[in-house]
Amino acid sequence: MERTRWYKDKVFYQVWPRSFKDGNGDGMGDLLGVLEKLDYIKNLGCDGIWFSPIYPSPGADCGYDISDYMDIAPEFGGMEAFRKVLEGAHARDMKIVMDLVVNHTSDEHEWFQKSRQRISPYTDYYIWRPDPGNGKLPNNWDSNFEGKAWTFDEVRGEYYLHLFAVKQPDLNMDNPLVREEVKKILRFWLDLGVDGFREDVITYISKKEGLPDDHLFPIYKGMPHYNHGPHVHEYLTEFKRDVLDHYDCFTIAEAPLVQPGQALSYIREDSGQLDMMIQFQCMCADCLFTDYLPTRFHLRKMKRAFSSWQYRLKGRAWNSLYIENHDHPRIVSRYGSETFWAESAKMLAAMYLFQQGTPFIYQGQEIGMTNWRPSDPDMYEDVQTRYHYAHSNLKKSPGQRLQALWRSSRDSARTPMQWDGGENAGFTTGTPWFYVNENYRQINVASQEADSNSILNFYRKAVKLRKSLSCVRYGVYREHFPLSDKLYMYSMTGERQKILVVCSFCEKPLRYGVPKGFNLDTARLVLCNYPGPNQRVLQPYECKVYLWQ
């Protein structure tokens, strides 16, 4: 079967299932809740859903520690509920994309339980090393979540590698039997009718032979020896050749610390093994490497990230576009302004939705949900957040360390979806599994449905406009005034049509000019987040989209 490029015309909505909508009143978001809200997602203009993991899992990393790859967790409704969602989505001409997490499993997966007992053929499904003795570890690598990357297993009497949580042992992808297991997983879901996969930290699956110590990287020691490892392209080619090429599906890779040039080796349309890539550069304008090392927001750094991917991939590969997902705090609280909440949320939407690529909208982003600010660090659920609080910035007071989490924690994006101003924000009739952000009475879907000037309705207009503009799909991107630290302006120019997107990142009125060849007197203003805009002055966080055709 020929793999088409239908994903280029789609806008995806990311569902983080446990916090989206509870359909049975047990306090946990589930697939019945998703089924109930399919029309809401469709009416937003989205024609695809990416599900964060909905497989059986002990929950050490909120579902990214999988104990069974070929089933749906009972708390989400099981396979029966999933089939209903799949059928309902396809009936609405919507695609369904699953999260493929095969760098690691749960330590409660059957494979790991048999591997630790040295039961064939699972003995080498994971990366084991003997105890070096003298209190040493097999190497000096760090885990991304919890201290060092090695934990001693009493049953096997050896250390196992885990690049993430202790309960997430890394699979040994060098073992051909493990790769066959991955192919079985891919075929299972594709045969069921799933349309593609978001592949979690897929660039980590090949580790350097010998697992040498890392003496170069300042944090996350070991990353140079497992990110873009020696056989990663070989293994991804194998998955594509043996499985993916036989289905009309698409794949999007999560790739931490990847640059555009490096990305092309994975996603070039003429030779790549994957279709798109989720890069982290666009989320590093206010931090170093990770959200937990915050800095002041630098607009020019953000612009360089977006522009470099647009320039380098043009004509060679296809971009993914996002400003929020389950792994980052809320964008309004980071790149926008809670003082100019509605204005900045709308501006940020326009800022990224008109670039070339496939956009992803994360649940709650479309109503401007903001960061959660709990009163106690124990209220956080995320394993990475808990470890960071317990082990980082210990010279600071508990209050200062808690405030740092308000800015950095992934849990800010994982509070329940705010559907209305009623009890539990309309998320559940039971007791929510997690805390609801206290501002749900002011920020919710119901109140914004009724307001034609709401963030929600702005997103609907922006997505509809994007789909109507051929220059967004086929045009040439160009950034203007790249040295400005207050203004992000870019154009998309096609054969018969061009647009100019103008975004203010300033809390004060801002005078601006336009580049040569863009006469505003001959343009039509097709989108703006302020009534009665001034042609030469931008209000705080104002955005404008001009069209020539």
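Good morning. Helix axes that meet at an angle over 145 degrees count as roughly antiparallel. I shall apply that cut-off to a pair of helices in this predicted model.

The pair is helix α11, residues 383-391, and helix α12, residues 398-408, whose axes lie 10 Å apart at an angle of about 150°. The two helices are therefore roughly antiparallel to each other. Their crossing is right-handed. On the α11 side the contact involves T385, H388, Y389 and A390, and these meet P398, R401, L402 and L405 of α12. Sorted by class, that contact comprises five nonpolar, two polar and one charged residues.

A second pair is α8, residues 260-267, and α9, residues 299-313; here the axes come within 10 Å and cross at roughly 45°. These helices are therefore oblique to each other. The crossing of α8 past α9 is right-handed. From α8, P260, G261, A263, L264 and I267 take part, and from α9, S308, W309, R312 and L313. This contact has six nonpolar, two polar and one charged residues.

Finally, I turn to helix α3, residues 78-91. What span should its 14 residues have at 1.5 Å a residue? The expected value is 20 Å, and the end C-alpha atoms are 20 Å apart, which agrees. Buried residues in α3 are G78, M79, A81, F82, V85, L86, G88 and A89. Their packing partners are α1 (31-36), α2 (38-43), β2 (48-51), β3 (95-100) and α5 (176-192). Just after α3, D93 adopts a positive phi of about 60°.

Thank you; I welcome your questions.

Note on methods
Residues numbered from 1 in each chain as written. Predicted model: local features only at pLDDT ≥ 70, side-chain atom pairs only at ≥ 80, totals over all residues. Heavy atoms only, no water. Helix = DSSP H or I, 4+ residues; strand = E, 2+ residues; numbered from the N terminus. Expected span 1.5 Å × (residues − 1). Buried < 20%, exposed > 50% of the residue type's maximum accessible area, 1.4 Å probe, protein only. Contact = heavy atoms within 4.5 Å. Axes fitted to C-alpha atoms, helices over the stretch in contact; angles between N-to-C directions. Parallel < 35°, antiparallel > 145°, perpendicular 65-115°, else oblique. Left-handed = near helix turned anticlockwise from the far one by under 90°. Nonpolar A, V, L, I, M, F, W, Y, C, P; charged D, E, K, R; others polar.
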